[in-house]
2 protein chains.
Amino acid sequence: MATVGNSTNIFWQESPIGRLERQKLLNQKGCVVWITGLSGSGKSTLAFSVNKELYSRGKLSYILDGDNLRHGLNKNLCFSAEDRTENIRRVGEVAKLFADAGLICIASLISPYRKDRDACRAMLPDSNFIEARLLVDARDPKGLYKLARAGKIKGFTGIDDPYEPPLNCEIEIKQKDGVCPTPNAMAGQVVSYLEEEGYLHF
Amino acid sequence: MATVGNSTNIFWQESPIGRLERQKLLNQKGCVVWITGLSGSGKSTLAFSVNKELYSRGKLSYILDGDNLRHGLNKNLCFSAEDRTENIRRVGEVAKLFADAGLICIASLISPYRKDRDACRAMLPDSNFIEARLLVDARDPKGLYKLARAGKIKGFTGIDDPYEPPLNCEIEIKQKDGVCPTPNAMAGQVVSYLEEEGYLHF
């Protein structure tokens, strides 16, 4: 009898319609584009632009937004180090399911700790985890950095909590001559990568 | 500033490519088919058959199997009443995401408690939660009922833990003259329902 995690008597079952069949139907390959970067660096903007560009090419993608998921799947988690790890683990597990379903899953989370991102990478087989780091000056439209610097928000990434940059990410989006690329240009960089790596066709 | 669950400063953001656009791309409507029933009643078999039949019609569906998810997303949960509720809540939240992505999401879980299933139903807007109850004699190919009756497995649904049947489910799959329908016949019942309710076209 199998013992799995905290469970006994739990067996794995596989459907005859698998990932390959779904990828064939969609004419694309499932993967996870994991967008990481500081608050205000443009993660959601990039996710939206990639989503839109892929749609215009007839490709099915879906955004898992770290903030939005805190209204649903992760609403019982706080911002302690332990809960942040669990937050990212759950998003990683769900992203894996979406990639298995054949979708291009765009996960958009600050995900400040390297070990948490690497744990998600380890969940995905066959290099289907594409880490895209936004390395641009963070904006502060919501005034959060101001509040964090004043000590009114605690544990804010980049102020009193660290951001650990990826060591070897697939995509790095940078400013040029101090200017942040447009959303379309950023999305173009990601979609070109997906095209070149063969994700946009079966 | 918004306060959400245990989080502050968390804002909801919406992509310009939404559910309608994805449904148009897939030519189907996203929904959740929630298969509930005793262990050994044929939930996985039914899920596989529905998945296969939908695929043969060019429709994209994805199975969330309660047992399989305990290897991943829910591997940190046990079988206490509290953890069973959290297990089902998470599956409900993920099923909701898949329906939002435009897929026909087939969730297959014993889900013995009515309040837990109803909580998942309440997550889905516009009646996109389709409860399919398997009301057939449970088989015991893994010998689990035998072990449970002997007291060697505790908290086993139908033996020393209750199964609360749905009061108003959309689909009920029953035996006829003591004979269980074939997997194809069971799947046909579910797929016909989806067809009639307009889920198989946009």
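This report describes how two chains are arranged in a predicted model and how two helices of chain A pack.

**Relation of the two chains**

A turn of 180° with a shift of 0.0 Å along the axis lays chain A on chain B with an RMSD of 0.0 Å. The two copies are thus related as by a two-fold rotation axis. Both copies use the same surface, since 100% of the contact residues of chain A recur in chain B. Among the residues of chain A, A:Val94 comes closest to the rotation axis, with its C-alpha at 3.6 Å.

**Interface**

In the contact between the chains, 57 residues of chain A meet 57 residues of chain B. About 5,400 Å² is buried between chain A and chain B, and carbon and sulfur atoms give 66% of this area. A:Gln13, A:Tyr55 and A:Tyr62 supply 12% of the area that chain A buries against chain B, more than any other three residues.

**Helices H2 and H7 of chain A**

The axes of H2(A) and H7(A) come within 8 Å and cross at roughly 60°. The two helices are therefore oblique to each other, and H2(A) passes H7(A) in a right-handed crossing. The table gives the residues that make this contact.

| Helix | Range | Contact residues |
|---|---|---|
| H2(A) | residues 43–56 | A:Thr45, A:Leu46, A:Ser49, A:Val50, A:Glu53, A:Leu54 |
| H7(A) | residues 183–196 | A:Pro183, A:Met186, A:Ala187, A:Val190, A:Val191, A:Leu194 |

By class, the contact of H2(A) with H7(A) has 9 nonpolar, 2 polar and 1 charged residues.

Notes
Residues numbered from 1 in each chain as written. Chains lettered and ligands numbered in written order. Predicted model: local features only at pLDDT ≥ 70, side-chain atom pairs only at ≥ 80, totals over all residues. Heavy atoms only, no water. Axes fitted to C-alpha atoms, helices over the stretch in contact; angles between N-to-C directions. Helix = DSSP H or I, 4+ residues; strand = E, 2+ residues; numbered from the N terminus. Parallel < 35°, antiparallel > 145°, perpendicular 65-115°, else oblique. Left-handed = near helix turned anticlockwise from the far one by under 90°. Contact = heavy atoms within 4.5 Å. Nonpolar A, V, L, I, M, F, W, Y, C, P; charged D, E, K, R; others polar. Least-squares fit on C-alpha atoms with pLDDT ≥ 70 in both. Buried area = accessible area lost by both parts, 1.4 Å probe.
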